[in-house]
Number of protein chains: 2
Amino acid sequence: MTSPSPEHSLDLRAVAAAVAGRVEAAMRVDLEAALAGCDPLLAEVVHYSLFSGGKRIRPLLTVLSSRCCGRDDNDLYLLATAFEYLHVATLLHDDVIDRADQRRGRATVVIRFGLTAAILAGDWLHARSMYLIGRLAGPRGLSTFCAATLSMANGEFVQLRLAGDPNTREQQYFEVIRQKTGNLIASTCALGALFAGADEGRVQALSTYGDLIGAAFQVVDDLLDFQGDPGNTGKKAGNDFVEGKITLPLLKTLERASDADRRLIEELLTADRTAPASYQRVVALIERYDGFAIAAAVAKNLVDRALAALAPFTSPEQEESSVQLLRNLALYILSRNT
Amino acid sequence: MTSPSPEHSLDLRAVAAAVAGRVEAAMRVDLEAALAGCDPLLAEVVHYSLFSGGKRIRPLLTVLSSRCCGRDDNDLYLLATAFEYLHVATLLHDDVIDRADQRRGRATVVIRFGLTAAILAGDWLHARSMYLIGRLAGPRGLSTFCAATLSMANGEFVQLRLAGDPNTREQQYFEVIRQKTGNLIASTCALGALFAGADEGRVQALSTYGDLIGAAFQVVDDLLDFQGDPGNTGKKAGNDFVEGKITLPLLKTLERASDADRRLIEELLTADRTAPASYQRVVALIERYDGFAIAAAVAKNLVDRALAALAPFTSPEQEESSVQLLRNLALYILSRNT
């Protein structure tokens, strides 16, 4: 595996910005129709939540997947919009659940417009995403999309159950990741391929790619929770530990720690997790057992496998550049710091 | 219009119970598949919320509508299940919004399992309902269903905006009813007809019937909020007034009241609405201006129009008994006390 050349990174950035622009244009047209005659507050909340500087990664994956299977037309950007609607619907409900007050540097909807608005605007966006998928992606697309949304809700329940449990196993950690993130990212890619009428091999290849980069993304996210610069990530370090989320660096440490250190970690997990000293001790223990380096190696391995999954797309066709962008996107995950 | 004979009432009750039994059986089969491998808490919350003595009115409407268009097979009960899923998803989120502690004589999900479980199980049921509709109702069915769910969320926003506003007009009241209830009830009937492959005339007739009985149901509900026996309804009288909901009896009173009485009502609406004396004074004013009787007459008129909408089904076919049951159901709305 090689690092992306600066030229390729530049391509990805430029293409991502161009795709985001077209997705946002499609979104505005769709919202104008969908919100016609609706309550002004609903319209305000929907716009506030959708246009707040999101990176539009999910729509980008749908667009690139469809492009590298040979289709790129206006409806593609509307299809991609559905994934952004669903994503934002999830964020709205997550912020209610987590009582979050800030998102992307602004007040969350629940803080600014209240609980009722946050829950109902989330339901509205959820329904609208299903409508678009049903209209554009066919029965199989809708079924894949619904399975991914069902899986997200289930993943939250599994995570809730595992919170603070030092007996969490790595397999359970990856199960939560797959349920919460992987299945949805896989479906963004699979639906792009299905939309383009790709053969089964390509649909599966892109679905596997999505599943693996989704997992890699989450592992890196969990690393950034420990090691990220709050100035870049916009989040305080150590959130996961405070919430009792046992992520890969800690899991790898628990696996390798001496009995005494393992007991110490278990004590730190069951005591007051908000104490800064507890967090510092856990970080020191993870460093002692190379937990961060091992988790980073796992992320790299997931990305390598995602790149390998793109093998059916190696022919130098006109779609080649979109495949290369998917490769760059996978590599970018390893280098991101926000 | 005549009252239903005791025989017909008996029929409706017996058929409703039989249909509810088949819908619940379909639900259990579907849940076994959908929840396979899911978190046990998710499964528990979903079962707790679905099997709590609901009357299954929405599925009944779908089943009767399809039957009177000539189709009655196993898939029909699965299609009908989707409406119960959506209904319960809405109740779960409503109970979070209203901070309700009791539903159907038991603790609400939000009280018993917490906010996270209530929001996420609602999302899960919402997604599953879309999945079933997409699979069984075709693109037009999904589109109708999604439009109804979008409309429900919008109706809540409109209601929120109108709360406590004595300048609410009757047209706005009916707009909220249509958005929150009518469109969904219309879609339960329309999807039954679409599922049976009915012609456009019958789809429209059943949709209109559903819209009108949905409105009648809500008007009667609003009357029961003032006049119902808490022993029957399970709710304390006067909730709507306390919440600032200006419903038809009060609207009709505001329309007919002297300037002085109108000002008095406006004062009662803007002062502390939780004071029992305020509620008693509002009830007395509504009685003075016949607000209850006038609202009851409006409900009767809506039911008459719903019965008239069923005109395309007058031929003495084998479907006649299902049409008669739809008629009885409409008439039952006027006599219900729970």
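Buried here means under 20% relative accessible area. Everything below comes from a predicted model.

**Figure 1. Leu60(A), a buried spot in helix H3 of chain A.** At 2% relative accessibility, Leu60(A) falls under the cut-off and so counts as buried. Its home is helix H3, which covers residues 57-67 of chain A. Skip the residues up to four places away in sequence, and Leu60(A) touches Ala16(A), Val19(A) and Leu329(A). For a long-range yardstick, take Pro312(A): it sits 252 residues from Leu60(A) along the chain, and the two C-alpha atoms are separated by 20 Å.

**Figure 2. Chain A as a whole, for context.** The chain has 16 helices and two strands. Its radius of gyration is 20 Å, close to the 20 Å from the globule rule for 338 residues, so chain A is as compact as a globular protein of that length. If you want a box for it, the C-alpha atoms fill roughly 60 × 50 × 35 Å along the principal axes. Buried residues account for 58% of the 338 residues in chain A. Of the contacts in chain A between residues at least 6 apart in sequence, 76% join residues at least 24 apart. What is left exposed on chain A comes to about 13800 Å², with carbon and sulfur atoms supplying 51% of that area. As for charge, chain A carries 35 positive and 41 negative ones, and their mean positions are 1 Å apart.

**Figure 3. Val303(A), with no accessible area to speak of.** Val303(A) is buried, at a relative accessible area of 0%. Look for Val303(A) in helix H15, residues 291-309 of chain A. Leu92(A) is 211 residues away from Val303(A) along the chain, and their C-alpha atoms are separated by 29 Å.

**Figure 4. Thr116(A), where chain A meets residues of chain B.** Thr116(A) belongs to helix H6, residues 115-136 of chain A. Its relative accessible area is 18%, so Thr116(A) is buried. Which residues is Thr116(A) in contact with, once neighbours within four places in sequence are left aside? They are Ile97(B) and Leu160(B).

**Figure 5. Two arginines with positive phi.** Most residues other than glycine have a negative phi. Arg104(A) goes the other way, with a positive phi of about 50°, and Arg56(B) does too, at about 60°. Arg104(A) is in the loop between strand E1 (102-103) and strand E2 (106-107) of chain A. Arg56(B) is also a loop residue, placed between helix H2 (40-50) and helix H3 (57-67) of chain B. Are these arginines buried or exposed? Arg104(A) counts as partly exposed, at 36% relative accessibility, whereas Arg56(B) is buried, with a relative accessible area of 4%.

**Figure 6. Helix H3 of chain B, largely enclosed.** Out of the 11 residues of H3(B), 10 are buried, so this helix is largely enclosed by the rest of the structure. The buried set includes Arg58(B), Pro59(B), Leu60(B), Leu61(B) and Thr62(B). Further along, Val63(B), Leu64(B), Ser65(B), Ser66(B) and Arg67(B) are buried as well.

**Figure 7. Helix H16 of chain B, checked for length.** H16(B) runs over residues 320-335, which makes 16 residues. At 1.5 Å a residue the helix should span 22 Å, and its end C-alpha atoms are 23 Å apart, so the two agree. Among the buried residues of H16(B) are Ser322(B), Val323(B), Leu325(B), Leu326(B) and Arg327(B). Asn328(B), Leu329(B), Ala330(B), Leu331(B) and Ile333(B) are buried too.

**Figure 8. Two partly exposed residues of chain B and their sequence-distant partners.** Asp11(B) lies in helix H1, residues 6-34 of chain B, and counts as partly exposed at 36% relative accessibility. Where is Gln324(B) relative to Asp11(B)? The pair is 313 residues apart in sequence and 9.7 Å apart in space, C-alpha to C-alpha. The other residue in this view, Gln227(B), sits in helix H9, residues 200-227 of chain B. With a relative accessible area of 48%, Gln227(B) is partly exposed. Val283(B) is 56 residues from Gln227(B) along the chain, and their C-alpha atoms are separated by 9.4 Å.

Conventions
Residues are numbered from 1 along each chain as its sequence is written. Chains are lettered from A and ligands numbered from 1 in the order in which they are written. This is a predicted model: local features need pLDDT of at least 70, side-chain atom pairs count only at pLDDT 80 or more; totals for chains, interfaces and linings use all residues. Side-chain values use heavy atoms; hydrogens and water are left out. Helices (H or I, at least four residues) and strands (E, at least two) are DSSP runs, numbered from the N terminus. The radius of gyration is taken over C-alpha atoms; the globule rule is 2.2 Å times the number of residues to the power 0.38. Buried means under 20% relative accessible area, exposed over 50%, partly exposed in between (1.4 Å probe, protein chains only). Contact means heavy atoms within 4.5 Å. Accessible areas come from the Shrake-Rupley method with a 1.4 Å probe; for residues, only the protein chains shown count as cover. Lys and Arg count as positive and Asp and Glu as negative; His and the chain ends are not counted. The place of a charge is taken as NZ of Lys, CZ of Arg, CG of Asp or CD of Glu. The expected span of a helix is 1.5 Å times one less than its number of residues.
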